[in-house]
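Trainee: I am new to this structure and would like to know what lies behind the terms. Please show it first.

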Amino acid sequence: MKNSIQILLVTALMSCGGNRNSITEFDEKWNLHQVGSVEWMSSDVPGVVHMDLLKNRKIEDPYLGNNELNLQWIEKENWEYRSSWRVSKEQLRNDHIELVFTGLDTYAEVRLNGEKILTADNMFRSWRVDARPFLKEGDNELIIHFTSPLGQNEEQVKNYPYRLPSGNETTDLQVSAFTRKAAYQFGWDWGPRFVSSGIWRPIYVEAWNDARITHSFVSTQSIAAEKALIQLSISIESDIEAMQTLLVGDQKMEVELIKGINDFTFPMEISQPKLWWPNGHGNPHMYNLDLKLLIDGELRDERSVNYGIRTIQLINEPDSIGTSFYFKVNGEAVFVKGANYIPQDIFPSRVKAEKYEALISKAKEANMNMLRVWGGGIYEDDYFYELCDKNGIMVWQDFMFAGSMYPTDEAFHSTVKNEVRDNINRLRPHPSIALWCGNNEIDVAWKNWGWQTQFGYSEEDSVEIWNNYLRLFHEEIPEEVERLNPLVNYVTTSPLSNWGTPENFNHSSMHYWGVWHGREPFENFKDNVPRFMAEYGFQSFPSYESLAKLTDTSSLSLDSEFISNRQKSYIGNDMITRFSEKYFGKAKDFKSYIENSQKTQALAMKMAIQEHRLNKPHCMGTLFWQLNDVWQGPSWSVLEYDGKPKLAYEEVKKWYQDVVVITRIQGDTVSFHVVSDCLTGFTGELSINISGTDGSLRNHNIDVSLEKNEVKKVFEIISRIKKYRLQLNEDGEVIFEDTNG
Ligand code: BMA
């Protein structure tokens, strides 16, 4: 998928001649071969090796049956892509013809007409090389050689003084900590292992002369009733030293360019601003600004900058309870409702625009206002963030580090710094970006999971590993955030507080895994409500129909090899079986086992979300684990791999509504609590029908009136309830319904 700014430019600039700058996607044909084989096959770029092997019928679909087990050989091989690039005399008149690689996965060496022009070592980075000196008129040969991440790192791993923990990597040779490649592709507890290689994001050809716009974005400095102060930041790379003209919308600015990178900021005022609001709180209004760079009066480069006017602050500070953790949007405390997001495929290049659109609509329809892009995956495609901007979904963005400790060498730190810069620069224009977070669960793991004993670290090793952690997540990464995106908050890790002791629930963010990993009953969601719940969940199976597409019916049983290989959690199916039997009885067959697993997950989600919402403002957010799936297997997701909702999705949608009524039955006392996340007051009418165990029938109509963001007990009775049915009306319309029957 393409960056929308780039698409705009391509269409705008291709129609004009002269020496205006241009950006076009490199769209020549590619071929691919396994190094050592003479056979070349056609290749789809962007893409990865596994997908080309599939397209050329060299392998079956990796997701079918037990193909995961048969296709592990691919990760050990080296692969080479080849393309012929036709360049015209006219193109060669440009001073710069740069190749911009927006995603090379991972260890790549790029040769142009036999000359090495790039050595890449990080899937998350983008790389820019001036190809102009190596180009000739006519055909030019471009070769990209990918070395297997296993081969590349084997020696380093073996010679390393100690073993680094590597999340969920189950192979003997564990290279993921050393490889700046998506951790989940090495295996995770909800997905397969496929370590692919390839040109996974587009390559662009950027031709320019004299000067080009490199970055531009608008940030909100402050918002007052009548006006907002915003700031345009723009960077221009220049070959020339001269006063030139920049058109910002209809304003003309004279800028003095010097050779190299020129950074400019322009404060601007917007009166009567239309603010960007998260889903449920108003419109996520987007503005647009056109930038034009004129060189000696002639249009040379242009950009169209989308922006939203909003402030988002994380309030993470000592308070009367312990340590708060909540988001203030445009000055208002907003209760966060959302989910953790993982990549939508093990081969992310096969996720197309429609899949992103369907997923973000599903998040919006389920009344979510935030997604956490989890640190074991990828920095998502631009389109993902554009959709979040458009739909009012705030993004908690992890940097891509999860469940590991990392090497100490300078080369590693340097590639990480560049990765962090590239991704902040790419993502900071999006108003949806609400928080940068250093990593997933590394701090809690180091302090609580016993890695020191498990890996036999000496005191010295431990000091070195921890100092390296501090260097990455407490120094280098936050320094880049502070320099490039200072108005967005940074936290070093998620969670900030471990679920081990009751006191910890008074502090900051938490991943509560007592239910599932701690094998605790669902009732424990009640006593384990943190200040901000950043992860919790319960597994279920994808539908029988989805699994039946992958194998023959004889393999559709709990103990088949096929189903066993789909279950990647070390807990296995124990928790699903135990709790689904507790609540829904023994399943008569695999089909009903699946259905019961989904009902059980739905119940877990309902129970957890109700507690989080009832306990506002102690708790100010709930992000369950996990929104979506990477393939078809049992997992904590509420949406299947193909986007189909599980039962839990409907439950989440219901309990994530802005105003809900939560019923609590304790002995003979029944109480009704209205929770409103509205940022204005709420008035409505609650009607309740109750049938008692003694056969009595009662109706109650209650006027309900709440302040903004309030939780209020609105009614309580003493009754032995058999059944209740309630409706909440606002302006005569039913906005919420619930029953226990
Ligand atoms: C969470 C995540 C993932 C994992 C999930 C389920 O803590 O951070 O690492 O997949 O637990 O175990």
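Mentor: A crossing is left-handed if the near helix is turned anticlockwise from the far one by less than a right angle, and right-handed if clockwise. This is a predicted model, in which local features need pLDDT of at least 70, side-chain atom pairs count only at pLDDT 80 or more, and totals for chains, interfaces and linings use all residues. Residues are numbered from 1 along each chain as its sequence is written, and side-chain values use heavy atoms, with hydrogens and water left out.

Trainee: What makes the crossing of H15 and H16 left-handed or right-handed?

Mentor: The crossing of H15 and H16 is right-handed, and the clockwise turn is what that word stands for.

Trainee: Why are H15 and H16 called roughly parallel?

Mentor: Helix H15 (residues 590-614) and helix H16 (residues 647-655) pack at about 20°, with axes 7 Å apart. Angles under 35 degrees count as roughly parallel, and H15 and H16 are therefore described that way.

Trainee: Which residues of H16 meet H15?

Mentor: Leu 647, Ala 648, Glu 651, Val 652 and Trp 655 in H16 meet H15 residues including Met 605 and Ile 609 (contact means heavy atoms within 4.5 Å). By class, this contact has 7 nonpolar, 3 polar and 5 charged residues.

Trainee: What makes E32 and E35 edge strands?

Mentor: The open sheet of 4 strands runs E32-E31-E34-E35, with antiparallel pairing. Strand E32 (697-706) and strand E35 (733-739) each have a single partner strand, so one side of each is left without a neighbour in the sheet.

Trainee: How do you know that E34 and E35 pair?

Mentor: Pairing takes at least two bridges found by DSSP; E34 (residues 721-730) and E35 have 6 bridges, in the antiparallel sense.

Methods:
Axes are lines fitted to C-alpha atoms, for helices over the stretch in contact, and angles run from 0 to 180 degrees between N-to-C directions. Helices (H or I, at least four residues) and strands (E, at least two) are DSSP runs, numbered from the N terminus. Angles under 35 degrees count as roughly parallel, over 145 as roughly antiparallel, 65 to 115 as roughly perpendicular and the rest as oblique. Ala, Val, Leu, Ile, Met, Phe, Trp, Tyr, Cys and Pro count as nonpolar, Asp, Glu, Lys and Arg as charged, and the others, Gly among them, as polar.
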